[in-house]
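Biologist: Hi! Could you walk me through this one slowly? I'm still new to reading structures.

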Amino acid sequence: MASPRRAPTLVGQSIGAGDRAWALRVGSRVILLAAVYMGSIGLLIALAGPWVLPFFTAAHDADAVAAVALGAKLLWLAAVYQFFDGLNLSCGLCLRGAGDAIVPAALVLPVSLLLFVPLAHALTFAPGQGWVNFLPQLGWGAYGGWLAVVLYLMLLGSALFLRWRSGAWQKNQDLIARQTPVGIARARD
């Protein structure tokens with residue numbers, strides 16, 4: 001199985017060999033494997049949570065039952081997070097291997113600052129406890145913070161996946177080919 005961290009190499013080698021179809025196939029397979037693998041691990045951890053979490057609490061702690069209940073609830077969000085993080089990482093790596101690094105990098109900053117930060121603030125803090133008062137403050141605590149990061153990764157991972165599947169990275173390859181000395185010489189002929 002090709003690991004996601006080898007995706008840029010595999011995609012780049014396929015493109016270098018002049019086989020964009022194979023690059024698309026290899027990249028798509030890496031994306032599928034990474035997302036399914038990470039999502040499966042997250043699902044297993046969420047399923048095992050109610051049995052494992054009590055080992056991390058003290059028997060005499062009065063809040064142990066509440067902590068385990070919250071932890072079990074958060075593990076389900078973490079399972080969804082795992083799937084979309086696998087999608088996000090593998091798509092980003094495949095796009096990087098295809099020479100398309102600018103758009104994914106440029107996407108992260110605005111989505112982080114304009115969606116994740118305000119959403120995490122609004123979902124996490126109770127009214128009057130946040131840093132700014134112009135955002136709504138729903139007071140969902142840790143669950144709200146995890147929900148915000150899951151929504152952020154859902155948007156980012158889906159956008160990168162759509163970018164990969166759209167083939168926009170192949171258009172970059174045409175531009176790169178025209179700018180190389182070989183491509184310039186072919187254009188003159």
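Modeller: Happy to, and we'll go from the whole chain down to single residues. Keep in mind that this is a predicted model.

Biologist: Great. How many helices and strands are there in the chain?

Modeller: The chain has seven helices and zero strands. Going along the sequence, you would write the pattern as α-α-α-α-α-α-α.

Biologist: And what share of the residues is buried?

Modeller: Of the 189 residues in the chain, 36% are buried. As for the outside, the accessible surface is about 11300 Å², and carbon and sulfur atoms account for 68% of that.

Biologist: What about contacts between residues that sit apart in the sequence?

Modeller: Take the contacts between residues at least 6 apart in sequence: 70% of them join residues at least 24 apart.

Biologist: Let's pick a helix. How far does H3 reach?

Modeller: Helix H3 covers residues 64-97, which makes 34 residues. From its first C-alpha to its last, H3 reaches 47 Å, close to the 50 Å expected at 1.5 Å a residue.

Biologist: What follows H3?

Modeller: Glycine 99 follows H3, and its phi is positive, near 85 degrees.

Biologist: Can you show me a residue inside H3?

Modeller: Sure, lysine 73 lies in that helix. Its relative accessible area is 47%, so lysine 73 counts as partly exposed. Along the chain, lysine 73 and tyrosine 143 are 70 residues apart, yet their C-alpha atoms are separated by 7.9 Å.

Biologist: New topic: at what angle do H4 and H5 pack?

Modeller: H4 (residues 102-124) and H5 (residues 141-166) pack at about 160 degrees, and their axes are 9 Å apart.

Biologist: Why does that make them roughly antiparallel?

Modeller: Angles over 145 degrees count as roughly antiparallel, so H4 and H5 fit that description.

Biologist: Is their crossing left-handed or right-handed?

Modeller: The crossing of H4 and H5 is right-handed.

Biologist: Last one: serine 112. Where is its place?

Modeller: Serine 112 is in helix H4.

Biologist: Buried or exposed, and why?

Modeller: Serine 112 is buried, because its relative accessibility is 16% and the cut-off for buried is under 20%.

Biologist: Which residues does serine 112 touch?

Modeller: Leaving out residues up to four places away in sequence, serine 112 touches Val117 and Tyr152.

Biologist: Thanks, that helps a lot!

Note on methods:
Residues numbered from 1 in each chain as written. Predicted model: local features only at pLDDT ≥ 70, side-chain atom pairs only at ≥ 80, totals over all residues. Heavy atoms only, no water. Helix = DSSP H or I, 4+ residues; strand = E, 2+ residues; numbered from the N terminus. Expected span 1.5 Å × (residues − 1). Buried < 20%, exposed > 50% of the residue type's maximum accessible area, 1.4 Å probe, protein only. Contact = heavy atoms within 4.5 Å. Areas by Shrake-Rupley, 256 points an atom, 1.4 Å probe, with all protein chains shown as cover. Axes fitted to C-alpha atoms, helices over the stretch in contact; angles between N-to-C directions. Parallel < 35°, antiparallel > 145°, perpendicular 65-115°, else oblique. Left-handed = near helix turned anticlockwise from the far one by under 90°.
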